[in-house]
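Student: Could you walk me through this structure, one question at a time? I would like to see how each answer is reached.

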Amino acid sequence: MTLKRRDILKTGAGALVGLAGAPMIARAADKQQFHWRMTSAYPSGSPFYSTGPGSASDFVKRVEAASGGRLKIDFYPAGELIPALGGFDAVRGGTVQMNWGNAYFWGGRSFAAQYFTAVPFGMDVMTVNAWLYHGGGQALWDEVYADFGLKALPAGNTGMQMTGWFKKPLEGLESFKGLRMRIPGLAGKVYEQLGVNVKVLPGGEIFPALERGVIDAAEFVGPYLDRQLGLQNAASHYYTPGWHEPSNVSELLINKAAWQQLPDDLKAVVQNCAAACNEISFAWCNANNAAALNDLTQNQGVTVHQLPEGVLPKLRELTMDTLSTHAAEDQQVAKVHKAYFDFKKQAKGWLDVSEKVVLNENL
């Protein structure tokens with residue numbers, strides 16, 4: 001009798017465990033899985049953009065790990081699935097769910113989009129992140145893209161960039177007349193007013209164009225990434241400061257319909273992985289630029305110049321005129337413009353008594 005009772009108890013306990021475990025297994029199996037595709041404006045092997053810490057390939061690995069494999073993203077660098085600057089249409093049309101690039105590439109679709117990559121004489125990386133995450137910038141970005149059926153998130157930042165590479169030294173404002181230069185975004189519109197023949201080329205096409213003399217000057221990012229493209233082998237005059245891009249936000253562009261299909265926990269995974277890449281990529285740039293600049297100037301015959309006297313004031317004047325003109329013509333641009341520069345002005349008061357003191361070595 002005792003043995004039989006024990007057998008019954010064992011069997012009953014096992015049945016209870018099975019019953020208790022079944023709903024847990026069912027719940028895990030019921031969780032929906034997603035398999036997305038993401039294109040890029042940058043070619044395969046591009047540090048910061050396609051490979052390395054905070055890059056597009058890093059992002060997709062983080063998402064898969066953080067989601068437990070429920071969201072897998074196949075990554076296609078520029079040219080593998082669509083052309084480098086085809087991301088906007090591909091995501092909007094649903095050909096792919098995501099694209100990794102920069103909002104100012106879509107300035108022809110919406111002038112206001114450019115404020116979410118870089119604004120000449122605009123905010124630095126610290127301030128633009130504060131605006132996007134806590135100052136209403138993300139909500140405005142969503143508003144700008146709403147009519148296109150798109151959503152975007154900040155997913156990287158190069159920080160301050162350089163003016164660019166020039167085959168011949170600049171003597172003054174006259175040097176810009178007739179100059180053929182690769183320069184995207186708002187800065188290109190400003191340079192055009194100085195007589196520059198502006199070219200918008202994807203990263204992979206910059207070096208051959210500069211080397212062959214198709215262009216006379218080019219802007220890309222900063223010492224490390226510029227050296228990776230080999231721009232120092234096509235031009236030796238390297239100018240600062242990066243008036244045109246005090247920071248440069250990488251954009252994770254998402255099809256809004258696809259985004260809305262994600263459950264909240266996977267949306268959080270995407271948002272958190274994008275935010276991680278935003279911070280990690282900026283740290284990576286800072287960690288590599290100093291050594292790269294030393295190598296360029298000490299070992300590769302590069303000369304670093306400040307822009308000639310009188311150039312920056314004129315560029316600032318033209319920038320503000322250009323922005324004001326577009327703001328006067330478009331209510332959405334006006335709204336974004338005001339929010340952007342109001343936040344910059346507010347932040348400046350704090351930065352003048354904090355970061356500025358440290359950077360000027362006044363401690």
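Student: By class, which residues make up the lining of the largest cavity?
Tutor: Keep in mind that this is a predicted model. The residues that line the largest cavity are Tyr42, Tyr49, Tyr104, Gln161, Arg182, Phe220, Val221 and Asn248. Tyr, Phe and Val count as nonpolar and Arg as charged, while Gln and Asn fall among the polar ones. The lining therefore has 5 nonpolar, 2 polar and 1 charged residues.

Student: What volume does the largest cavity have?
Tutor: Start with the count: the structure holds 1 cavity of 30 Å³ or more. The volume of the largest cavity is about 40 Å³.

Student: Now the pockets, please. How much space lies in the largest pocket, and which element gives the most to its lining?
Tutor: The largest pocket holds about 1000 Å³ of space. Among the 32 residues of its lining, Gly122, Asp124, Met160, Pro246 and Leu359 are the closest to the centre. Two or more lining residues come from each of α4, α10, α11 (311-329), α12 and α13 (355-359). The element that gives the most, with 5 residues, is α12.

Student: How do the residues of that lining of the largest pocket divide into nonpolar, polar and charged?
Tutor: Here we sort by residue class, where Gly, for example, counts as polar and Asp as charged. For the lining of the largest pocket, the division is 15 nonpolar, 10 polar and 7 charged.

Student: Which helix gives the most to the lining of the second largest pocket?
Tutor: This pocket has a volume of about 200 Å³. It is lined by 13 residues, and the closest to its centre are Tyr104, Gln114, Gly185, Lys189 and Val200. By class, the lining has 6 nonpolar, 5 polar and 2 charged residues. With 4 residues, the helix that gives the most is α6 (residues 185-192).

Student: Let's turn to helix packing. Are α4 and α10 roughly parallel or antiparallel?
Tutor: Helix α4 covers residues 125-134 and helix α10 covers residues 264-299; their axes lie 12 Å apart and the packing angle is about 175°. An angle over 145 degrees counts as roughly antiparallel. So α4 is, relative to α10, roughly antiparallel.

Student: By class, which residues does the contact of α4 with α10 have?
Tutor: From α4, the contact is made by Val125, Asn129 and Tyr133, and from α10 by Ala275, Asn278, Glu279 and Phe282. Sorted by class, that contact has 4 nonpolar, 2 polar and 1 charged residues.

Student: What covers the buried residues of α4?
Tutor: First, the buried residues of α4 are Val125, Thr127, Val128, Asn129, Trp131 and Leu132. Buried here means under 20% relative accessible area. Their cover includes α5 (137-146), β4 (150-157), β10 (249-255), α10 and α12 (331-352).

Student: Which residue with a positive phi follows α4?
Tutor: Look just after the helix for a phi near 90°. The residue there is Gly136.

Student: Finally, the whole chain: what share of its residues count as buried?
Tutor: The protein chain comes to 13 helices and 11 strands, and its C-alpha trace spans about 105 × 50 × 50 Å along the principal axes. Among contacts with a separation of 6 or more, 77% are between residues 24 or more positions apart. Of the 363 residues in the chain, the share that count as buried is 51%.

Terms used: Residues numbered from 1 in each chain as written. Predicted model: local features only at pLDDT ≥ 70, side-chain atom pairs only at ≥ 80, totals over all residues. Heavy atoms only, no water. 1 Å grid on protein atoms, 1.4 Å probe; cavity = no way out; pocket = protein on both sides within 12 Å on 5 of 7 lines; lining within 4 Å. Points joined across faces, edges and corners; volume = space filled by probe spheres on them. Axes fitted to C-alpha atoms, helices over the stretch in contact; angles between N-to-C directions. Parallel < 35°, antiparallel > 145°, perpendicular 65-115°, else oblique. Contact = heavy atoms within 4.5 Å. Buried < 20%, exposed > 50% of the residue type's maximum accessible area, 1.4 Å probe, protein only.
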